[in-house]
Amino acid sequence: MTTLTTTAPPVRATARPAGATAGSAGRASARRRERFACGVLMAPFFLLLTTVFLVPVATAVWLSFFSDDQPGLGFGPERRVFVGLRSYAAVLSDPTFLGGLGIVVLYCLVYIPLMVAGALALALLLDSGVVRLRSWAQLGLFLPHAVPGIIAALIWLYLYTPGISPVVELLGRADITVDFLGVHTVLPAIVNIALWSNLGYNTVIFYAALQAVPREVLEAAVVDGAGPVRTALGVKAPLVRSSVVMVAMFTLIWALQLFTEPMLLSQSTPMINSRFSPSMYIYDAAFTRNNYGLAAAASVILLVLTIALSYGVTRWTNRAGARQEAAR
């Protein structure tokens, strides 16, 4: 009986072409060079972020868990002791800090809508062609932002103070008595200073965003019979929604840190005390009461509140945008 055995042909190892190997090696080398270039370009940013943000935040968090204590009825040597969350509890139970938070919330409710709506309206006017000499108009709107905040507050303090203010004197001649630093007008006075300083800057941001709107879209709106107001509100404004969100978020962050204007105005009115806002509370705790643990705890609370509100605004605007896209 004969047995036939079949042998499979030998499998030849297919050699990879030299060009393919060189090509893959070249792509890997290019990727390494790109990563290195990205690292070099991003290194200054991360260095600056670590130096001016992460390290101070970590220091504040660390300080908030400690307090300076003097044993022996205050006559012993000062020593730093761990107090845990005691400073946070003291801040959150302090009515002056909670009152300052309430004032800042009211300030944000008044200031942010006026800022965003006013800057957007001015930008739409500039973009519509109604305003002549646009470059000079932009310069005039932007110039107040170039004035330092302390100088701006001093200018308006001069205009608010009776006896030296030409505005108060002019109103007095018309038998109009206005106390710009009274109990009911001090907050609008602060809002006015902030608007005067920052309105032009945000107008320039909106105007730059409007310049990127495709002209074809505007021409199509005009062909469909849309007038200037409808084109501005129904076509241009929705197309710069991302800029509106950015300006609103940055304005919110700066508004929560209200400090310069009330600090200077407090020299001329008893309506503004040393703990008028959370930032002034932190300043008073650190440099007047020398309680750095309390100041650090208040700083951390204000930081967490700012991050939470910024995140909430971002999520809300993203969902609103998604609903609008789905409706279309």
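**Exercise 1. Helix packing**

Task: In this predicted model, determine how the axes of helix 7 and helix 10 cross, and whether the two helices run roughly parallel or antiparallel.

Solution:
- Locate the elements. Helix 7 spans residues 186-211, and helix 10 spans residues 241-256.
- Take the axes. They come within 10 Å and cross at roughly 160°.
- Apply the cut-off. Angles over 145 degrees count as roughly antiparallel. Helix 7 is therefore roughly antiparallel to helix 10.
- Add the handedness. The crossing of helix 7 past helix 10 is right-handed.

**Exercise 2. A contact across the chain**

Task: Find how far apart the C-alpha atoms of Leu305 and Leu256 are.

Solution:
- Place Leu305. This residue sits in helix 13, residues 292-327.
- Count along the chain. Leu305 and Leu256 are 49 residues apart.
- Go to space. Their C-alpha atoms are separated by 8.9 Å.
- Check exposure. Leu305 has 30% relative accessibility and counts as partly exposed.

**Exercise 3. Salt bridges**

Task: State how many salt bridges the structure holds, then work through the pairs of Asp127, Arg173 and Asp284.

Solution:
- Start with the total. There are four salt bridges.
- Take Asp127. Its partner is Lys236, with the closest N and O atoms 2.7 Å apart. This pair ties together distant parts of the chain: Asp127 belongs to helix 3 and Lys236 to helix 9 (residues 228-239), 109 residues apart. Both Asp127 and Lys236 are buried.
- Take Arg173. Its side chain meets that of Glu169 at 3.0 Å, N to O. Both lie in helix 6 (residues 166-173); because they are four residues apart, about one helical turn separates them. Arg173 is exposed at 64% relative accessible area. Glu169, at 46%, is partly exposed.
- Take Asp284. It pairs with Arg289, the closest N and O atoms being 3.0 Å apart. Salt bridges with shared partners join Arg275, Asp284 and Arg289 into one network.
- Compare burial within the Asp284 pair. Asp284 has a relative accessible area of 6%, so it is buried. Arg289 has 30% and is partly exposed.

**Exercise 4. Positive phi outside glycine**

Task: For Asp175 and Asn290, give phi, the loop and the exposure class.

Solution:
- Begin with Asp175. Its phi is positive, about 60°, although the residue is not a glycine.
- Locate Asp175. It lies in the loop between helix 6 and helix 7.
- Classify Asp175. Its relative accessible area is 72%, so it is exposed. The cut-off for that class is over 50%.
- Turn to Asn290. Its phi is near 55°, again a positive value in a residue other than glycine.
- Locate Asn290. It lies in the loop between helix 12 (278-287) and helix 13.
- Classify Asn290. Its relative accessible area is 48%, so it is partly exposed.

**Exercise 5. A nonpolar surface patch**

Task: Which residues form a nonpolar patch on the surface with Val105, and what is their accessible area together?

Solution:
- List the members. Val105 is joined by Leu106, Leu109, Val110 and Leu114.
- Read off the area. Together they have about 440 Å² of accessible area.
- Place Val105. It is found in helix 3, residues 95-128.
- Classify Val105. Its relative accessible area of 47% makes it partly exposed.
- Link back. Helix 3 also holds Asp127 of the salt bridge with Lys236.

Conventions:
Residues numbered from 1 in each chain as written. Predicted model: local features only at pLDDT ≥ 70, side-chain atom pairs only at ≥ 80, totals over all residues. Heavy atoms only, no water. Patch = residues over 30% accessible without salt bridge, like charges linked within 9 Å, V, L, I, M, F, W, Y side chains within 5 Å. Areas by Shrake-Rupley, 256 points an atom, 1.4 Å probe, with all protein chains shown as cover. Buried < 20%, exposed > 50% of the residue type's maximum accessible area, 1.4 Å probe, protein only. Axes fitted to C-alpha atoms, helices over the stretch in contact; angles between N-to-C directions. Parallel < 35°, antiparallel > 145°, perpendicular 65-115°, else oblique. Left-handed = near helix turned anticlockwise from the far one by under 90°.
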